[in-house]
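I opened this model to look up the ligand site first, then the cysteines, and then a few residues in helices and loops. My entries follow in the order in which I looked things up.

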Amino acid sequence: MQLTPQQLGQFHDEGWLFLPGCFAEAEVALLRDEAEGIYKTNRQEVWREKTGAPRTAFAAHTYNEAFRLLGSHPRLIRPVEQVFGEQLYMHQYKINAKAAFEGDVWQWHQDYGTWARDDGMAEPRAMNIAVFMDEVMPINGPLMLVPKSHKHGVLSAGHDLETTSYPLWTLDNDTVTRLVDEGGIVAPTGKPGSVLMFHGNLVHASAPNITPYPRRIVYLTLCAVSNYIRKPTRPEWIAHRDFRPIEPVADSALMDYAAAHKLAAE
Ligand code: SIN
Ligand code: MN
C-alpha cells in the first residue's frame with residue numbers, strides 16, 4: 001500500500017491520516033479472538049485497569065503468531081517507511097482493550113514525550129499506526145486527536161502516576177486549550193479493519209468507555225532504525241531492544257493464517 005502525495009501532504013499538515021477498510025473482517029475477527037485469549041492470561045505483559053479489566057497487552061508480536069504477522073504487515077509497514085524514508089523496527093506493541101463499561105481514560109499526552117523521556121529516543125522519527133479491531137464510535141472512547149499539534153515539538157508535561165494504572169507524561173489543561181483553539185479536536189470513527197496513523201508529537205487522549213461496546217485497538221509503534229533508543233529505562237517488553245529492520249510478510253499472510261486457523265477449528 002502506497003500513500004498518495006495528497007495523503008502524505010495531509011499527514012505532514014494535520015499530523016494524522018485515517019485509512020478505512022485496510023483489513024478484512026476475517027483478518028480482524030482472528031485478531032479479536034487472539035486478543036481475548038491473551039487478556040485471559042496472567043502474563044506480565046497484560047496490564048489491567050484498577051478494576052482488573054484488561055487495559056493493554058504489550059509485545060504480543062513476540063508471543064502470538066497472528067499479532068506477529070500483523071506486526072510485519074506491509075499495509076502497516078510500507079506507509080510508515082514512506083513517511084520516514086527508511087526501514088523500521090518495532091519500538092512498542094500494544095493491544096489496548098478499552099473494555100466495555102470499564103475501559104479507563106488515557107489523559108492528554110504526546111507519545112514522543114514518553115519515548116524521549118523514558119526510553120532515550122533521539123528524534124520524533126517514530127509513530128503509532130493503529131488497527132481498529134472493533135467499530136470505533138463517538139460513544140465508546142474513540143481516540144481524540146488535536147490536529148496540527150505535532151508542529152509544537154515536545155511540550156512540557158507532568159508524570160501522572162495516579163490517575164490510571166498506566167504512568168503517563170500528561171499535558172496541563174491550559175496547554176491543551178491553547179492547542180485546541182488552533183487545531184480543534186477530531187475523533188476518527190469507523191469499522192473494524194480501519195487504520196489510523198499519527199505523528200509522535202500529535203496531542204491525543206481518549207475518554208473512559210461506559211458503554212457495552214468494547215473498543216479494542218492494536219498499536220504498532222514503528223521507529224526509524226537509525227533512531228533506535230539510546231537510554232531505555234522501561235522493561236524490554238515495553239520498549240523493545242531488537243533494532244533489526246522489519247522485513248514485511250506477504251500481503252496475504254494474515255488472511256492465509258486466519259483461513260488455516262478457521263479450518264483447524266472446524
Ligand atoms: C495511547 O495513547 O497510547 C492509547 C490511547 C487509547 O488507546 O485510547
Ligand atoms: Mn499515546
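Entry 1, the ligand site. Before placing the ligand I noted what the term means: on a 1 Å grid over the protein atoms alone, a cavity is a set of points where a 1.4 Å probe fits but cannot get out, and a molecule sits in one if more than half of its atoms lie within 2 Å of its grid points. I kept in mind throughout that this is a predicted model. With that in hand, I found that ligand 1 sits in the largest cavity. The elements that give two or more residues to the shell around ligand 1 are three strands, namely β4 (88–96), β5 (106–109) and β11 (204–206).

Entry 2, the neighbours of the ligand. I then listed the residues that surround ligand 1, which are K94, N96, W106, H109, L143, H204, S206, R215 and Y219. Which polar side-chain atoms did I look up against an oxygen atom of ligand 1? For S206, I read a distance of 2.6 Å between a polar side-chain atom and an oxygen atom of the ligand. For R215, an N or O atom of the side chain is 2.8 Å from an oxygen atom of ligand 1, and for K94 the corresponding distance is 3.4 Å. I also looked up how much of the ligand is covered: taken alone, ligand 1 exposes 260 Å², and the protein buries 99% of that.

Entry 3, the cysteines. How many disulfides does the structure hold? I found 0 disulfides. I then checked accessibility for two cysteines: C22 counts as buried because its relative accessibility is 10%, which is under the 20% limit, and C223 is likewise buried, with a relative accessible area of 0%.

Entry 4, helices α2 and α7. I looked up E27, which lies in helix α2 (residues 25–39), and D256, which is found in helix α7 (residues 253–265). D256 and E27 are 229 residues apart in sequence, while their C-alpha atoms are 8.9 Å apart in space. Is E27 buried or exposed? E27 counts as buried, at 2% relative accessibility, whereas D256, at 46%, counts as partly exposed. The side chain of E27 is also joined to that of R75 by a polar contact of 3.1 Å.

Entry 5, the loop before α2. I placed A24 in the loop between β1 (16–19) and α2, and I noted that A24 is partly exposed, with a relative accessible area of 32%. A24 and S194 are 170 residues apart in sequence, and yet 9.2 Å apart in space from C-alpha to C-alpha.

Entry 6, the loop between β4 and β5. Most residues other than glycine have a negative phi, so I made a note of positive values here. K98 lies in the loop between β4 and β5, and its phi is near 35°, a positive value in a residue other than glycine. F101 lies in the loop between β4 and β5 as well, with a phi near 70°, again positive in a residue other than glycine. I compared their accessibility last: K98 counts as buried, at 3%, whereas F101 is exposed because its relative accessible area of 55% is over the 50% limit.

Terms used
Residues are numbered from 1 along each chain as its sequence is written. Chains are lettered from A and ligands numbered from 1 in the order in which they are written. This is a predicted model: local features need pLDDT of at least 70, side-chain atom pairs count only at pLDDT 80 or more; totals for chains, interfaces and linings use all residues. Side-chain values use heavy atoms; hydrogens and water are left out. A disulfide is a pair of cysteine sulfur atoms within 2.5 Å. Buried means under 20% relative accessible area, exposed over 50%, partly exposed in between (1.4 Å probe, protein chains only). A residue is near a molecule or strand if one of its heavy atoms lies within 4 Å of it. A polar contact is a pair of N or O atoms within 3.5 Å; within protein, one must be able to donate a hydrogen and the other to accept it, and residues adjacent in sequence count only if both atoms are side-chain atoms. Accessible areas come from the Shrake-Rupley method with a 1.4 Å probe; for residues, only the protein chains shown count as cover. On a 1 Å grid over the protein atoms alone, a cavity is a set of points where a 1.4 Å probe fits but cannot get out, and a pocket is an open set with protein on both sides within 12 Å along at least five of seven lines; lining residues have an atom within 4 Å of a point.
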